[in-house]
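Trainee: I would like to understand how the descriptive terms for this model are justified. May I ask about them one at a time?

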Amino acid sequence: MKTQEVVNDLKRRFPNEPEYLQAVTEVLESIEDVYNEHPEFEKANLIERLCISDRIFTFRVTWVDDKGKVNVNMGYRIQHSNAIGPYKGGIRYHSSVNLSILKFLAFEQTFKNALTTLPMGGGKGGSDFSPKGKSNAEVMRFCQAFILELWKHIGADTDVPAGDIGVGGREVAYMFGMYKKLQGEFTGVLTGKGIEFGGSLIRPEATGYGNIYFLLEMLKTKGISIKGKKCLVSGSGNVAQYTCDKLIELGAIPVSLSDSDGYIYDPEGITREKLNYVMELKNIERGRIREYAEKYGCKYVAGGRVWAEKGDIALPSATQNEIHGDDAKHLVETGCIAVSEGANMPSTPEAIEVFQKARILYAPGKAANAGGVATSGLEMTQNSIRLSWTSEEVDAKLQQIMKNIHEQCVKYGTQKDGYIDYVKGANVAGFMKVAKAIMAQGVL
Ligand code: NDP
């Protein structure tokens, strides 16, 4: 394979899909060497079969708001690959959602899911609907309308969606209820469900906790303790909240949070009491992070990004491409020793280059945030065997999975000078598993 030729061809075919091309380019560059050691891959045209999704559903979602107005949104589900298990990946509701973003997420998800060691293929879906500012009844009607279109194509053994940006426990529950009514069956068709109806303990916490478990493994390679480290966290949703939760438990100091309007910087640290306030503010009142600064009298920067501040560790937990090259330079110059991605693809290629050149610890989302989908996999298992595991059992499994992912990254990513290239490690490990499965199953 000549990576540049493949990328150029994809650019020609999908010129308006920058995020998809960015994700594909990163993976192809990482796997080029190992791919070329296997001539049978080239003969089987494995690259094209891996880059192009199995199928993509695009549909209209029509729903009525509280004023009686009929609204129309786009809905999508991308079934990228089921080579190693049913399609699996979240649903995103955000005004920025488009095909390029969902294709990048579905592509990444395929390798991430392979890394978890659980039998899950890759998929993603969503809508340009934004739950922000909508009433509960409006969100419910939208979720029901979305599933009315999608239900025929998903199922516990075919495609199992979950949450992502804009889709938390409330939205998953509404979608699950509608699926159950249409299908006439109570099955584990979605993960991230409420505890009362088949959800797994620790699933809400899993992405944030998993990211910190991965970070601990990285720090261990350098003999560094997390205690007392100042941590820059972006976002203020599910991943950011449980990232802070675990940091506080371990004696680290989260000092920032953000949303799409701006960020807060609290040099004294976000304590457990302040975090409880954030959870109430974001999950129940559905307010803005600016209100934290007003309540606790700390700095708020409208329209800014947390990377302008100084921190020992950076934990991006908001969205894609939120750390630019200049942000990365600033982080490195001001003493940041580790970046571990809770969000998907939050660092631009320029930012990744800066981190890796500076030889700081850098973990891509594909590895570091895989705890979320891994625990979704554990939810699927519990649904299948009709049992519920305790928090301790699920947390222990999550910790073990994050350790395994770290080991795979070390195995495939350690460079001659000893530096661990986690990007390469994660991409090669994920790719080899999916590639072997596709090869074994013949031309489909
Ligand atoms: P939430 O919707 O709970 O929170 C997202 C947060 O990021 C909000 O604070 C939101 O602010 C902010 N945000 C979203 N889009 C933008 C944007 N374009 N610019 C600036 N800020 C933005 O989502 P999650 O916490 O679940 O997801 C966060 C990231 O983690 C995503 O990249 C997601 O793909 C990834 N992830 C999530 C997993 C999960 O289990 N939930 C699993 C693995 C990865 P606002 O409220 O203003 O929109």
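Mentor: Let us begin with the domains. Domain bounds come from an automatic or database domain assignment. For the protein chain, that assignment gives domain 1 (3–186) and domain 2 (206–359). Please bear in mind that the model is predicted.

Trainee: How far apart are the C-alpha centres of domain 1 and domain 2, and how many residues are in contact?

Mentor: The two C-alpha centres are separated by 26 Å. Contact means heavy atoms within 4.5 Å. By that criterion, 14 residues of domain 1 are in contact with 13 residues of domain 2.

Trainee: Why is the ligand said to lie between the domains?

Mentor: Both domain 1 and domain 2 give residues to the shell around the ligand, so the ligand lies between them. That shell holds 24 residues, and the closest are Asp164, Gly166, Thr207, Ser260 and Arg288. Among the contributing elements, α8 (203–221), α9 (238–249) and β8 (256–259) each supply at least two residues. By class, the shell has four nonpolar, 14 polar and six charged residues.

Trainee: What makes the approach of Asp164 to the ligand a polar contact?

Mentor: A polar contact is a pair of N or O atoms within 3.5 Å. A polar side-chain atom of Asp164 lies 2.6 Å from an oxygen atom of the ligand, so the pair falls inside that limit. For Thr207, an N or O atom of the side chain is 2.7 Å from a ligand oxygen atom. Ala318 uses a polar backbone atom, at 3.4 Å from an oxygen atom of the ligand. As for cover, the ligand taken alone exposes 880 Å², of which the protein buries 84%.

Trainee: Why is Arg286 called partly exposed?

Mentor: Buried means under 20% relative accessible area and exposed means over 50%, with partly exposed in between. Arg286 has 42% relative accessibility, and therefore counts as partly exposed. Arg286 lies in the loop between α10 (272–285) and α11 (290–296). The side chain of Arg286 reaches the backbone oxygen of Asn283 at 3.2 Å. Leaving aside neighbours within four places in sequence, Arg286 is in contact with Arg170 and Leu281. Arg286 and Pro131 are 155 residues apart in sequence, yet their C-alpha atoms are 9.9 Å apart in space.

Trainee: Is Ser200 buried or exposed, and how do you know?

Mentor: The relative accessibility of Ser200 is 1%, under the 20% limit, and so Ser200 counts as buried. Ser200 is placed in the loop between α7 (169–183) and α8. The side chains of Ser200 and Gln382 make a polar contact at 3.0 Å. Not counting residues up to four places away in sequence, Ser200 touches Lys193, Ile195, Thr375, Glu379, Gln382 and Val394.

Trainee: What makes Tyr362 a buried residue, and where does it lie?

Mentor: Tyr362 has 1% relative accessibility; this is under 20%, and Tyr362 therefore counts as buried. Tyr362 lies in strand β13, and its side chain makes a polar contact with the side chain of Glu341 at 2.7 Å. Tyr362 and Ile352 are ten residues apart in sequence and 7.9 Å apart in space, C-alpha to C-alpha. Beyond its neighbours up to four places away, the residues that Tyr362 touches include Ile352, Phe355 and Gln356.

Trainee: Which residues of helix α13 are buried, and against what do they pack?

Mentor: In α13 (residues 349–357), Ala351, Ile352, Val354, Phe355 and Gln356 are buried. The buried residues of α13 pack against α2 (18–36), α12 (325–333), β12 (338–340), β13 (361–363) and α17 (422–440).

Trainee: Why is a positive phi worth remarking upon outside glycine?

Mentor: Most residues other than glycine have a negative phi, so a positive value departs from what most of them show. Thr117 has a phi near 75° and is found in the loop between α5 (99–115) and β4 (122–127). Asn321 has a positive phi of about 55° and lies in the loop between β11 (313–315) and α12. Arg359, which follows α13, has a positive phi near 60°.

Trainee: What makes Asn321 partly exposed rather than buried?

Mentor: The relative accessible area of Asn321 is 21%, and buried requires under 20%, so Asn321 is partly exposed. Thr117 has 42% and is partly exposed by the cut-offs of 20% and 50%.

Notes:
Residues numbered from 1 in each chain as written. Predicted model: local features only at pLDDT ≥ 70, side-chain atom pairs only at ≥ 80, totals over all residues. Heavy atoms only, no water. Near = heavy atom within 4 Å. Polar contact = N/O pair within 3.5 Å; in protein donor to acceptor, adjacent residues only side chain to side chain. Areas by Shrake-Rupley, 256 points an atom, 1.4 Å probe, with all protein chains shown as cover. Helix = DSSP H or I, 4+ residues; strand = E, 2+ residues; numbered from the N terminus. Nonpolar A, V, L, I, M, F, W, Y, C, P; charged D, E, K, R; others polar. Buried < 20%, exposed > 50% of the residue type's maximum accessible area, 1.4 Å probe, protein only.
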